Amino acid sequence: MALTSEQTAHAGATQEPIAAVAASLQAVLGQRTTAVIAGVTDAKAVGKWARGERAPHPKSEQRLRDAYQVARLVGERGDAATVRAWFRGMNPHLGDRAPALVVGERPAEVLQAARAFLTNG
């Protein structure tokens with residue numbers, strides 16, 4: 001039985017090493033946006049995580065994994081520029097807040113917004 005894109009995104013978010021997750025988010029969203037998602041003020045920490053020089057605190061790691069799952073899902077609909085615009089733009093499903101600002105505290109709502117994006121375009 002083939003996995004759905006949501007199952008694939010979830011599997012990647014839970015099984016990928018955190019360095020790979022951080023590197024992927026940094027490549028697509030940029031270092032600053034990834035730092036905001038992780039809840040840290042030092043954007044350079046993201047690069048250290050991506051290179052495997054340091055590991056994020058557990059809460060930051062969970063935020064990164066949640067964002068990675070959503071990014072992979074949104075990526076089903078478009079390229080890196082689409083994912084970047086989706087994370088940074090005002091989203092009507094999130095009270096017109098950017099998903100990058102919401103995913104750390106309310107990941108399930110951001111996942112629902114991603115599902116709506118995939119369904120409605």
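How much accessible surface does the protein chain have, and what share of it belongs to carbon and sulfur atoms? Hello everyone, let me start there. The accessible surface comes to about 6,500 Å², and 51% of it belongs to carbon and sulfur atoms. Those areas come from the Shrake-Rupley method with a 1.4 Å probe, and for residues only the protein chains shown count as cover.

A word on what we are looking at. This is a predicted model, so local features need pLDDT of at least 70 and side-chain atom pairs count only at pLDDT 80 or more, while totals for chains, interfaces and linings use all residues. Residues are numbered from 1 along each chain as its sequence is written, and side-chain values use heavy atoms, with hydrogens and water left out.

Now the overall picture. The protein chain has eight helices and zero strands, so from the N terminus on it reads α-α-α-α-α-α-α-α. Helices here are DSSP runs of H or I with at least four residues, strands are runs of E with at least two, and the numbering goes from the N terminus.

What about the dimensions? The C-alpha trace spans about 40 × 35 × 25 Å along its principal axes. The radius of gyration is 13 Å, which agrees with the value near 14 Å for a compact globule of 121 residues. That radius is taken over C-alpha atoms, and the globule rule is 2.2 Å times the number of residues to the power 0.38.

Of the 121 residues, 41% are buried. Buried means under 20% relative accessible area, exposed means over 50%, and partly exposed is in between, with a 1.4 Å probe and protein chains only. As for contacts, meaning heavy atoms within 4.5 Å, residues 24 or more positions apart account for 61% of those with a separation of 6 or more.

A quick look at charge. The chain carries 15 positive and 11 negative charges, and their mean positions are 6 Å apart. Lys and Arg count as positive, Asp and Glu as negative, and His and the chain ends are not counted. Each charge is placed at NZ of Lys, CZ of Arg, CG of Asp or CD of Glu.

Let's go to the aromatic rings. How many aromatic pairs are there? The count comes to two. Rings of Phe, Tyr and Trp (its six-membered ring) pair if their centres lie within 6.5 Å; planes under 30 degrees apart count as stacked, over 60 as edge-to-face, and the rest as tilted. Trp 86 and Phe 87 form an edge-to-face pair, 5.4 Å centre to centre with 80° between the planes. Trp 86 counts as buried because its relative accessibility is 9%, and Phe 87 is buried at 0%. Trp 86 also forms a tilted pair with Phe 117, at 6.3 Å centre to centre and 55° between the planes. That pair links distant parts of the chain, with Trp 86 in helix H6 (residues 80-88) and Phe 117 in helix H8 (residues 107-120), 31 residues apart. Phe 117 is buried, as is Trp 86. Together, ring pairs link Trp 86, Phe 87 and Phe 117 into a cluster.

Next, helix H3, residues 31-38. Which residues are buried there? They are Thr 33, Thr 34, Ala 35, Ile 37 and Ala 38. The buried residues of H3 pack against helix H2 (18-29), helix H4 (44-50), helix H5 (58-74), H6 and helix H7 (99-102). Just after H3, Gly 39 takes a positive phi of about 80°. Asp 96 also has a positive phi, of about 60°, although it is not a glycine. Asp 96 sits in the loop between H6 and H7 and counts as partly exposed at 46% relative accessibility.

Over in helix H4 we find Lys 44. Is Lys 44 buried or exposed? Lys 44 counts as exposed, because its relative accessibility is 60%. Its C-alpha atom is 8.4 Å from that of Arg 32, 12 residues apart along the chain.

Finally, two residues from helices H1 and H8. Ser 5 is in helix H1 (residues 5-15) and is partly exposed at 30%. Leaving out residues up to four places away in sequence, Ser 5 touches Leu 73 and Glu 76. Leu 118, in helix H8, is partly exposed at 26%. With that same sequence cut, Leu 118 touches Leu 73, Val 74 and Arg 77. Leu 118 and Val 74 are 6.9 Å apart, C-alpha to C-alpha, and 44 residues apart in sequence. Thanks for listening!
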